[in-house]
There are 2 protein chains.
Amino acid sequence: MPKIVDHDERRDEIAIAACRAIAKRGLEAVTLSDIAKEAGRTTGMLAHYYDNKWDLILGALRFMHVRLEQRLSQRLNGKTTLLELLQDALPTNAARRAEAAAWLAFWTFAANQPDLLKRSAQIHSDWRALLRQCLLRTQKDARNWPDEMIEHVVSSIMLFTDGLYVKAITRPAMYTPAMQVTLMGEHLDAVLASARTRHPRRRKPLRRS
Amino acid sequence: MPKIVDHDERRDEIAIAACRAIAKRGLEAVTLSDIAKEAGRTTGMLAHYYDNKWDLILGALRFMHVRLEQRLSQRLNGKTTLLELLQDALPTNAARRAEAAAWLAFWTFAANQPDLLKRSAQIHSDWRALLRQCLLRTQKDARNWPDEMIEHVVSSIMLFTDGLYVKAITRPAMYTPAMQVTLMGEHLDAVLASARTRHPRRRKPLRRS
């Protein structure tokens with residue numbers, strides 16, 4: 001009987017290993033062989049899933065994003081708060097810390113590679129769209145906000161998350177998982193309250209007695 | 001008559017050239033000779049000011065920070081708003097974009113170098129202290145806030161600034177200088193209003209009639 005291989009699981013495995021290898025060796029220095037070693041696989045096996053190093057790295061980042069999207073989408077219909085949803089995107093455990101470090105390395109390397117920035121722009125747009133969905137699903141009144149305001153709130157959450165990516169990697173002792181969640185919670189409270197001040201919830205008109 | 005050399009000006013020149021060279025070549029790849037070329041100087045001249053490549057890079061980042069501190073300190077006593085002060089720290093022109101790119105590269109490289117992170121921690125602490133000073137000088141009532149709240153507001157501004165560093169480098173077309181200032185302005189409004197909701201300004205008691 002042929003062995004049954006779960007390809008999704010294996011791509012996942014390789015992507016996580018790639019993030020770990022990038023975090024250890026740096027994005028420029030990391031080789032396919034480092035990633036294979038980290039994954040406990042052969043480079044031949046990696047080649048079955050990815051064409052070259054850059055394909056693998058972009059693939060890994062994109063794959064991580066798809067996984068995040070899946071996790072968030074599954075929870076969007078429940079009674080999950082916006083903070084609970086976004087916690088899933090913060091570098092609060094080893095796997096997500098490795099992902100944050102990989103992003104940091106990618107941004108640095110891609111800064112001077114317009115082609116690479118262009119290819120990664122789609123992930124950025126997807127992430128914006130996902131944040132927007134999280135916002136509109138959890139804050140019903142936000143659907144009545146002007147589009148520009150929704151986009152600014154999304155940008156604000158995104159920028160704050162990028163900042164937490166940086167600080168979780170460069171100042172881990174100060175920006176612990178608990179501190180990340182506290183600060184993100186305060187940020188969301190502040191940004192949403194500010195948006196509501198400018199665009200108050202519509203209330204039912206008071207009936208005159 | 002001997003030539004008069006303005007050493008401060010020259011250190012400044014070298015530091016700015018170092019940031020440009022790092023942005024072009026990457027922090028790991030950049031050499032002293034690249035930096036010298038960018039500065040229009042000899043490597044011998046650089047050696048007069050810095051011991052080695054890492055000394056120069058950390059020196060450049062520290063120097064940029066001291067310059068920022070000087071600019072902000074000069075304006076702290078006037079009627080400058082917090083947003084006006086912070087604009088000086090945002091990557092809204094070529095020199096500050098180069099600085100942001102250098103920080104991004106430094107964070108990536110230092111992520112796995114505990115020694116380097118430790119040596120850069122002082123710049124992080126200085127930046128926190130400076131932001132705290134900007135906050136307390138421009139928002140008089142903040143002096144009555146609990147210390148933890150002041151620190152959280154400082155963290156929030158810092159994280160948002162880091163996010164703008166990342167986005168100004170990786171998505172420059174979307175995060176233009178004007179957009180950076182708009183978003184930072186909205187962030188400050190939201191964070192300060194939120195802090196004041198939790199710790200309202202003391203008002204004179206109403207006299208009963």
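Four salt bridges are counted between chain B and chain A in this predicted model. One of them joins the side chains of Lys167(A) and Asp162(B), with 2.4 Å from N to O. Here is a quick tour of how the two chains meet.

**Polar links**
- Alongside the salt bridges, the interface of chain B and chain A holds eleven residue pairs in polar contact, both partners being at pLDDT 80 or more.

**What chain B brings to the contact**
- Five helices of chain B each supply at least two residues of the side that touches chain A: H1 (7-25), H6 (94-110), H7 (114-138), H8 (147-170) and H9 (177-198).
- H8(B) gives the largest share of that side, with 13 residues.
- By residue type, the side of chain B that touches chain A divides into 19 nonpolar, eleven polar and seven charged residues.

**Extent of the interface**
- The contact draws 37 residues from chain B and 38 residues from chain A.
- Between them, the two chains bury about 3,400 Å², and 63% of this lies on carbon and sulfur atoms.
- On the chain B side, His124(B), His152(B) and Leu159(B) lose the most area to chain A, together making up 18% of what that side buries.

**How the copies are related**
- Chain B superposes on chain A after a rotation of 180 degrees with 0.0 Å of shift along the axis, at an RMSD of 0.0 Å.
- This is the relation of a two-fold axis.
- Both copies use the same surface, as 100% of the contact residues of chain B recur in chain A.

Note on methods
Residues are numbered from 1 along each chain as its sequence is written. Chains are lettered from A and ligands numbered from 1 in the order in which they are written. This is a predicted model: local features need pLDDT of at least 70, side-chain atom pairs count only at pLDDT 80 or more; totals for chains, interfaces and linings use all residues. Side-chain values use heavy atoms; hydrogens and water are left out. Copies are superposed by least squares on the C-alpha atoms of residues with pLDDT of at least 70 in both. Contact means heavy atoms within 4.5 Å. Buried area is the accessible area (1.4 Å probe) that two parts lose on being put together, summed over both. A polar contact is a pair of N or O atoms within 3.5 Å; within protein, one must be able to donate a hydrogen and the other to accept it, and residues adjacent in sequence count only if both atoms are side-chain atoms. Helices (H or I, at least four residues) and strands (E, at least two) are DSSP runs, numbered from the N terminus. Ala, Val, Leu, Ile, Met, Phe, Trp, Tyr, Cys and Pro count as nonpolar, Asp, Glu, Lys and Arg as charged, and the others, Gly among them, as polar.
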